[in-house]
Each structure stands twice: as C-alpha cells, then as structure tokens.
Amino acid sequence: MIELQKVCRVFTVGGQAVHALRDVDLRVGRGEYLSLMGPSGSGKSTLLNVLGLLDRPTSGTYRFLGDDVTALDDDAQAKVRRLRIGFVFQTFHLVPRLTTAQNVALPLVLAEVPPAERQARVEAQLRAFGLLERSHHRPDELSGGQRQRTAIARATITRPELLLADEPTGNLDRATGADVVRVLENLHDEGITLLVVTHDQELGARAHRRLRMDDGRLVADVGHGLGDRRATEAT
Amino acid sequence: MKRLDALAFCARSLFAQRARTLLIVTAMTIGTAGVVVLTWLGDAARHFVTGQFDALGNNLVIVLPGRSETTGGAPPLLGETARDLTLEDADALLRSPAVRRLAPIVVGGAVVAFGSRSRETTVIGTTADFLPVRRLSLAAGRFLPDEANVCALGATVCTELFDAKSPLGEFVRVGNRRFRVAGVLASGGMSLGTDLDEMVALPVTQAQALFDSPGLFRIIAEATSKDAVQQAVTDVRRIVTARHDGEDDVTVITQDALSSTFDGILRALTLAVAGIAAISLLVAGILVMNVMVVAVAQRRAEVGLLKALGADASTIRSLFLGEAVLMSLLGGLGGLFLGELASRVLPHFAPALQPGVPLWAALAAGLVVLVSGVAFGTAPALRAARLDPVQALARR
C-alpha cells in the first residue's frame with residue numbers, strides 16, 4: 001500500500017541545508033498498525049507529512065496504492081487526500097465556528113457528496129463515535145476527548161484507507177487519551193491502516209509494528225511481518 | 001465543493017465575525033448609496049432642465065437678430081447687428097412649408113395700472129399664435145383676439161391688479177395707452193427664467209408703438225414636425241438672406257440643439273459626480289481587502305486543515321473570494337436600497353426632482369460593487385490558496 005524508495009527531504013533554513021529525511025525506504029501493507037517514534041527533530045513529522053501528501057520529497061519515489069503519487073500535481077494530490085487519507089492532529093484542528101456535525105461533514109462537503117446522503121452518513125458517524133447528543137455544539141463547548149473524537153470522526157467519514165495520527169493523545173489526560181487510543185484501534189480492527197506518531201512509549205508499544213527514527217533515518221523497524229496477519233495477506 | 005455549500009461556508013464565516021462584517025458592509029453601503037444618490041440627483045437635474053426646454057414647445061426654431069462673428073480686430077469686438085428683424089420678416093417666414101406657425105416677439109418693461117393700483121411689469125408684444133407655439137393655456141377669456149386695443153394678463157399681474165374680481169372687459173393702462181383685458185393666462189408658465197405670470201401681452205404692433213422700435217426681439221417658429229426642423233432652419237436663413245440684401249445676419253437656434261447641449265453638459269456632470277462618489281467605493285473596496293488579508297492570516301490553521309482534508313487550491317480561493325464578494329454584494333444591496341429610498345423621499349421636499357433611481361445607474365453601481373469585490377478579494381484569496389499546508393498547520 002505504501003512504498004517509499006530512497007526518500008529524502010531537505011529544507012533550507014537560513015542558507016543551510018537540513019536533512020529531515022535521509023534515504024528512507026519503507027513498505028507498509030494494507031491494514032497494518034504502526035507507531036513512529038523518535039526524538040524531536042528526528043524527521044517523524046516530515047515523514048508523516050510526506051506520507052499524507054502534505055509535503056513533497058526532495059528526491060526518491062513514493063508509491064501509494066500502487067501509483068507514483070510524487071508525480072501528481074497539487075490538485076491530484078488533494079484528491080487523493082480527500083478520498084484516501086485521514087489526518088488526526090495533536091491540536092484537533094476543528095473549525096471553531098462550525099458545530100460538531102458540521103466539522104464532521106466537512107470532508108463530505110469537499111467531496112461533493114449530496115446533502116441527503118451527507119446527513120445520513122454524518123449521523124451514523126456521530127452515533128458510532130458517541131457524539132450524537134453533542135452534534136450541535138461548537139468545539140469550545142466540548143471536552144478534549146470529545147474534540148479528538150470529533151476530529152477522528154471527521155478524518156474517517158470518507159472511509160479512507162490510511163489514517164495518520166500525529167500525537168493524537170498529546171493534549172489529553174491519561175484517561176481520555178486511552179479512550180482515544182481505543183477509538184483508533186477499533187478503526188484499525190475494522191481494516192484501516194493506522195500510523196501513529198508519538199512520544200508516548202506506552203502508546204507506541206501498543207502498535208504491531210514499531211518504527212523509530214533518528215536524524216532523518218529509519219533506525220528500527222520492529223515487528224515487521226510478524227504482528228498483523230492482514231498485513232502479510234495484503235502485501 | 002458545491003457552490004451552495006461554499007456559499008453556506010462563507011456566510012457562516014462572515015456571521016462568526018459579524019461585528020467586522022457589519023462594519024465593512026456599512027462602508028460598502030455608504031459608498032454605493034453615495035454613487036446611487038449622486039447619480040440620481042444628476043440625472044434628475046438633467047431631466048428637470050431638458051423638461052424645461054420641452055415645455056417651451058415642440059420643434060421650435062428661434063430666430064434672433066444679429067449674428068456673432070469675429071471680425072477684423074477691435075473695435076467692434078463682436079459682430080454688430082446689421083439689420084433689425086421686422087414683422088415683415090416674420091410674415092415672410094410663414095411662406096416656408098416647413099414652418100407651421102410662428103410668433104414674433106417684442107419685449108420691454110412698462111407700468112401697468114388699473115384704477116389706483118399700478119405695477120411695473122414685463123410687456124411682451126406678440127400674436128395669437130404665441131399661445132400654441134409656447135404651449136400655454138388660458139385661465140379665462142381669449143388670448144389677443146384680432147383687435148387693436150386688447151391685452152392678456154399673467155396670473156400674478158391679474159391678482160395684483162384685480163384681486164379675485166374678473167378682469168375680463170375691464171380696461172388697464174399700459175404705459176400711456178388703454179387696453180381691454182381679453183384673457184388671463186393660467187399660472188405656472190415659468191420657463192427659462194421668464195416668469196410668464198409676471199407679464200402683460202399686447203398685440204405686437206401696439207408693443208412696437210409703445211416701445212417705439214420696429215425691431216423684433218426674436219421670432220419663435222414651430223416646424224411642422226421633428227424632421228422638418230432642419231428644413232425650417234434652412235428656409236429661415238434663405239428667406240432672411242433674400243430679404244436682407246443677401247446678408248445672412250440672424251442667429252438661428254433650434255430647441256433640439258439647445259436642449260441636447262444642456263443634456264450633454266448635465267450628463268457629463270452627472271458622470272463626474274458619480275466618479276467622485278466612486279472613490280468612496282474604492283476606499284470600501286480597500287477595506288474589504290484589508291479585512292480579507294487579516295482573515296487569511298488569522299485562519300492559516302483552518303486553511304491548512306482544509307488542504308489536509310483534500311481541498312484543492314481553487315476551492316480555498318473561491319471560499320475566500322466568496323467572502324469578499326458576499327460582503328461587497330451585501331453592501332451593494334444595502335446601498336441600492338438606501339439610494340432608492342433617498343430618491344423616493346427627497347422629491348417630497350424638492351418636487352422638481354423626478355423620484356426613482358434610473359435603472360442604468362442601479363445596474364452600474366451593482367456592477368462596480370461586484371467588480372470591486374472580486375478585484376479586492378482576489379489577492380488575499382490567492383494568498384490563502386498558496387499557503388503551504390505543513391506550515392499552516394504547524395503554526396498555532
């Protein structure tokens with residue numbers, strides 16, 4: 001499903017080249033559950049952004065679902081994001097003026113799903129995420145856990161193949177963090193490919209396949225090919 | 001993103017910032033109302049003036065004695081009157097088939113008296129055709145029947161001399177002669193600075209005798225139709241030239257030329273004034289741009305999110321452009337409404353003004369508002385569409 005070959009990403013900061021990714025090779029099968037850990041500045045977020053098509057590699061190729069997506073133009077990449085990739089952020093990134101239901105509906109609006117179908121799907125999604133009675137509340141009226149649930153509901157309403165979570169529990173207390181992790185793992189159980197970037201050892205250890213980065217390189221890949229049956233089937 | 005959804009998205013965003021939105025929309029409203037009201041005023045003034053010319057009569061050709069021409073240096077500075085225009089000239093003009101009827105005019109001032117009351121007024125010497133040529137109407141009696149010592153009074157002169165009594169058949173003294181009052185003009189005959197309420201009309205020969213001058217002040221001729229006006233002008237010149245020893249020494253003005261000159265001047269004036277008012281619209285447009293620049297800066301994270309959710313550049317662009325255009329349109333509608341309101345209310349205080357904003361002015365103002373919304377919204381919208389999603393999401 002994901003195939004990175006010699007992917008490099010070089011930023012120029014103050015006239016100096018910073019290598020955020022150095023020759024990263026990575027293959028991920030459909031339905032895997034990965035965690036990505038490493039110290040700050042090790043390139044985790046850059047890798048996540050490249051995988052999510054928010055950033056382009058300086059060199060190397062990225063094949064997603066069999067297609068070389070590095071060759072796509074911005075609008076074509078946007079379409080892939082719209083239909084195939086979901087993002088969950090540490091700071092939720094809910095649109096403050098929209099209600100829970102409107103926030104969750106946003107990807108469907110962008111994908112031009114007709115209003116009637118949209119409403120039905122949003123309602124089903126809110127019910128599945130236990131947010132139905134909060135559907136007309138705005139983000140500032142929700143608890144942290146409810147906000148992240150809303151964000152996850154939004155990220156997955158288009159039934160994407162890949163869900164990328166960047167420190168999903170970083171702004172939550174332990175109990176609500178555990179709750180959010182359960183929600184993500186339930187989605188994985190339903191077949192989604194899940195990649196979690198985290199500093200939290202405990203959360204990282206839950207993943208079936210654990211990646212570690214340091215100074216722009218993948219330095220560890222534990223559990224590859226072992227953890228998940230579906231992963232081997234798909235590859 | 002479907003258009004309706006985009007519209008709802010823009011509307012929600014504007015509503016979320018309603019105080020700011022209201023201020024910008026107000027600025028746009030004032031700008032638009034300014035353009036609309038000034039355009040309407042200019043246009044109403046133009047209608048008023050051209051209406052005054054139309055009230056003069058139909059297809060008129062005005063013949064003045066003398067002709068302005070530049071001659072060989074001073075003196076004289078202006079060309080001088082070579083010959084008087086006479087009553088015989090007037091009669092001769094009637095030979096032109098293009099002239100339906102005409103009124104020779106002599107003007108002077110004299111004291112009009114009845115009993116112990118007397119009043120200094122304008123005296124016009126003319127013929128019975130003056131009435132139809134100038135499209136005037138009578139309040140009572142007849143206008144200068146074919147008798148020597150008759151006169152017609154203007155409405156004001158009549159009430160001043162006779163109060164509410166009927167003046168018909170009474171004798172008034174004009175200068176040193178006595179005239180029987182045969183008719184009274186209906187009031188309201190104000191045109192081009194001559195208040196016809198404040199005058200006395202005498203038969204033209206009587207007036208010539210009174211003022212002891214054989215020359216006419218002017219001749220007003222009515223052409224048989226609009227198409228015949230040019231023919232009438234040519235005929236007038238030809239006839240006068242023949243009678244004045246081959247000298248074309250009169251000035252001929254057509255009502256149309258006069259009226260269209262003023263029409264052109266006032267039209268230009270209206271456009272100039274509207275253009276000045278449009279500057280406030282420009283300022284409002286810059287306010288819109290400023291607000292949108294601020295909005296894009298404040299909503300970087302939202303733009304990043306929309307991009308992460310798969311919005312392409314054109315969607316982001318149309319969302320921000322949509323807000324700018326929506327604000328402009330709201331202001332434009334408000335301005336049109338205010339302008340229309342003003343143009344309905346103000347004529348109650350100035351009845352000469354024709355109520356109602358002309359359609360072209362409303363359309364033009366609407367178009368300008370729309371164009372300014374697009375023009376000033378485009379740069380911020382492009383900036384939003386170009387934001388790098390990674391940076392936009394990272395910054396808090």
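Okay, let's start in chain B, with two helices: α1, residues 3-16, and α10, residues 313-345, whose axes come within 9 Å and cross at roughly 65°. Bear in mind that this is a predicted model. The crossing of α1(B) past α10(B) is right-handed.

So who touches whom? On the α1(B) side you've got Ala6(B), Leu7(B), Phe9(B), Cys10(B), Ala11(B), Ser13(B) and Leu14(B), and they meet Ser318(B), Leu319(B), Gly322(B), Glu323(B), Leu326(B) and Met327(B) from α10(B). Sort the residues of that contact by class and you get nine nonpolar, three polar and just one charged.

Right, on to where the two chains meet. Chain A puts 21 residues into the contact, and chain B puts in 21 as well. On the chain A side, α2 (74-84) and α3 (100-110) each supply at least two residues. The largest share there comes from α2(A), with six residues. As for the make-up of that side of chain A, it's ten nonpolar, three polar and eight charged residues.

Last bit: chain A as a whole. Its secondary structure comes to eight helices and ten strands. The radius of gyration is 18 Å, and the globule rule gives 18 Å for 235 residues, so chain A is as compact as a globular protein of that length. If you want a box, its C-alpha atoms fill one of roughly 45 × 45 × 40 Å along the principal axes. Of the 235 residues in chain A, 49% count as buried. And take the chain A contacts between residues at least 6 apart in sequence: 71% of those join residues at least 24 apart.

Methods:
Residues numbered from 1 in each chain as written. Chains lettered and ligands numbered in written order. Predicted model: local features only at pLDDT ≥ 70, side-chain atom pairs only at ≥ 80, totals over all residues. Axes fitted to C-alpha atoms, helices over the stretch in contact; angles between N-to-C directions. Helix = DSSP H or I, 4+ residues; strand = E, 2+ residues; numbered from the N terminus. Left-handed = near helix turned anticlockwise from the far one by under 90°. Contact = placed C-beta atoms within 7 Å. Nonpolar A, V, L, I, M, F, W, Y, C, P; charged D, E, K, R; others polar. Rg over C-alpha atoms; globule rule 2.2 N^0.38 Å. Buried ≥ 20, exposed ≤ 12 C-beta atoms within 10 Å, placed from the backbone.
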